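Work through the exercises below with the sequence and the 3D structure at hand. Each task is followed by a solution in steps.

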Amino acid sequence: MIDADSTDRVAVYAPESRLWVDLDAAVTTLGTDDTLRPLTRTMLGFLDAGERARDAATVVVHRAVAEGVAVIDRPAATLPVVPASLRCFLGWEAHWDRAAHNLVRRNLPKAVPFIRGYEAVTGTTFPALRPGPGFKDHPVYYTGNHLTIVADGTPVEWPSYSRALDFELEFGAVVTRPVRDASEREATAAIGGYVVFDDISARDTQWEEQRRTPFGPVVKTKTFASSMGADIVTADEIEPRLESLTATVTVNDELWSTTGTAGMRYSVGESLAYACRDENIYPGELLTSGTLPRGCGLELERWIAPGDRVELTIECIGSLVNTIGTR
C-alpha cells in the first residue's frame, strides 16, 4: 500500500510493523538502490515501474524500519493521484437490475404491478429496466467529472438541487502507461494500482435526467462530486484476487451492506482495451468499476442524510470515509 502527501512524496506502508516510510527520505539517507531515486517523488512513475520498483522499495523499507530511518506518521489524506480523466463503467448487471427496479418503485409506483406481472409471465427482466443490448457485446461507460473528486476524509457538499443523495461503492484502476488499440493483456499491464472510489449520485436528479433529457442520467446526477481513497495498492497485489474481494458499507458505524467483487461482466483489462480503441489513453487517467451489487442506498432502500459518516471498504484495497454535508 502506498500513499502520497501534499509534497508529492511516495510513502510506503510496512504491514509487518504497521509503520509508514517516506521512500524518498529512506533512499536518500540510506544511500541505497539508485534505480529508485527517479521514482520516489512521482506516484505514477513508481506504479508504472511495477515489480522492479516494488521489490526495490521493499528492501529499502525493511531496512528503514529496522534502523528507524525515515519512519513517519500516516500521511495526511489527499488524492494519491490527481486523475487526468474519469471513465465510469458498469461492472455488475445485478446492480443495474436492482437499482432500476427500485428507482421505478420510488418514482412511479403505479407501474410496479404491471412490471411484476410481465416478469412473472416471461421470466425475464422488464425491457426498460435492462442495461441495454450493448452491455452484452462490450463494456459500457460514461465520462465523469475528474475535477470534482474529493479526498478521503473530505466533507461531501450536498448539491442544492437534490433531496436524494446516494453513495456508490466502487474501485478505481489507475492507468500508468499510454495505450491505444491495446489488447486485453496489454491494457491489463497498463494498470498500475487500485483505489476505493465513491461515485456519488443525486437519485432524484437521475430520474429526471433519464426521463426528460437527451443525454441520460449522468450529467448533474453525477458530476458535482465523487470521492477517492487516499491509498493505492499496486496492481500485482490486487489483480490475482480482484474477482473475489469482500466489501462493506458502514454508515455512522452501522453495517449497511456486505458485498464483493465477484461476478464482474468484464475484466478491467477488457474495459480499458475497449476504451482505447482508436483513442489515446494516458498515464493518470482513472477507470472505475461501477457499483458493486448492494453497494448503494438505492439498492438497499436506505438513504443517507446530512451529517452521516459513510465508510466504504474493499478487502486488500482499503477504505474511504466521507461525511455528508448539509443541503
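## Strand β5 and its partners

Three bridges join strand β5 to strand β6 (residues 141–143), and the two run antiparallel. Strands here are DSSP runs of E of at least two residues, helices are runs of H or I of at least four residues, and both are numbered from the N terminus. Two strands pair if DSSP finds at least two bridges between them. The model is predicted: local features need pLDDT of at least 70, side-chain atom pairs count only at pLDDT 80 or more, and totals for chains, interfaces and linings use all residues. Residues are numbered from 1 along each chain as its sequence is written, and side-chain values use heavy atoms, with hydrogens and water left out.

**Exercise 1.** Find the bridge partners of Cys88 in β6 and in β16, and state how the residues of β5 are covered.

Solution.
- Step 1. On the β6 side, Cys88 is bridged to Tyr142.
- Step 2. On the β16 side, the partner of Cys88 is Thr288. β5 and β16 run parallel and are joined by four bridges.
- Step 3. β5 covers residues 85–89, and five of its five residues are buried. Buried means under 20% relative accessible area, exposed means over 50%, and partly exposed lies in between (1.4 Å probe, protein chains only).
- Step 4. Ser85, Arg87 and Phe89 point one way and Leu86 and Cys88 the other way; all are buried.

## From β16 to β13

**Exercise 2.** Starting at β16, follow the pairing through β9 and β10 to β13, giving a bridge for each step.

Solution.
- Step 1. Strand β16 (residues 285–288) is antiparallel to β9, with three bridges between them. One pair to locate is Ala173 with Leu287 in β16.
- Step 2. β9 is in turn antiparallel to β10, and seven bridges join them. Val175 has Ile191 of β10 as its bridge partner.
- Step 3. Strand β10 (residues 191–198) pairs with β13 in the antiparallel sense over two bridges. Here Gly193 stands opposite Thr234 in β13.

**Exercise 3.** Which residues lie on each side of β9 and of β13, and are they buried or exposed?

Solution.
- Step 1. In β9 (residues 169–175), seven of the seven residues are buried.
- Step 2. Leu169, Phe171, Ala173 and Val175 point one way from β9, while Glu170, Gly172 and Val174 point the other way; all of these are buried.
- Step 3. In β13 (residues 231–234), Asp231 and Val233 are on one side and Ile232 and Thr234 on the other. These four are all buried, and both faces of the strand are covered.

## Residues outside the strands

**Exercise 4.** Place Thr261, Arg212 and Pro38 relative to the secondary structure, and classify each by accessibility.

Solution.
- Step 1. Thr261 is in the loop between β15 (254–260) and α10 (268–275). Its relative accessible area is 0%, so Thr261 is buried.
- Step 2. Beyond its neighbours within four places in sequence, Thr261 is in contact (heavy atoms within 4.5 Å) with Trp92, Phe171, Leu242, Glu243, Ser244, Leu245 and Leu292.
- Step 3. Arg212 belongs to helix α8 (residues 203–212), and it is exposed because its relative accessibility is 66%. From C-alpha to C-alpha, Arg212 is 28 Å from Phe197, at a separation of 15 residues in sequence.
- Step 4. Pro38 sits in the loop between α1 (23–30) and α2 (43–48); with a relative accessible area of 59%, Pro38 is exposed.

**Exercise 5.** What is the phi of Arg18 and of Glu301, and where does each residue lie?

Solution.
- Step 1. Arg18 has a positive phi of about 60° although it is not a glycine. Arg18 is in the loop between β2 (10–14) and β3 (19–22), and at 68% relative accessibility it counts as exposed.
- Step 2. Glu301, also not a glycine, has a positive phi near 55°. Glu301 is in the loop between α11 (297–300) and β17 (309–314).

## The whole chain

**Exercise 6.** How many helices and strands does the protein have, and what percentage of its residues count as buried?

Solution.
- Step 1. The protein has 11 helices and 18 strands.
- Step 2. Of its 327 residues, 51% count as buried.
- Step 3. The C-alpha trace spans about 70 × 45 × 30 Å along its principal axes.
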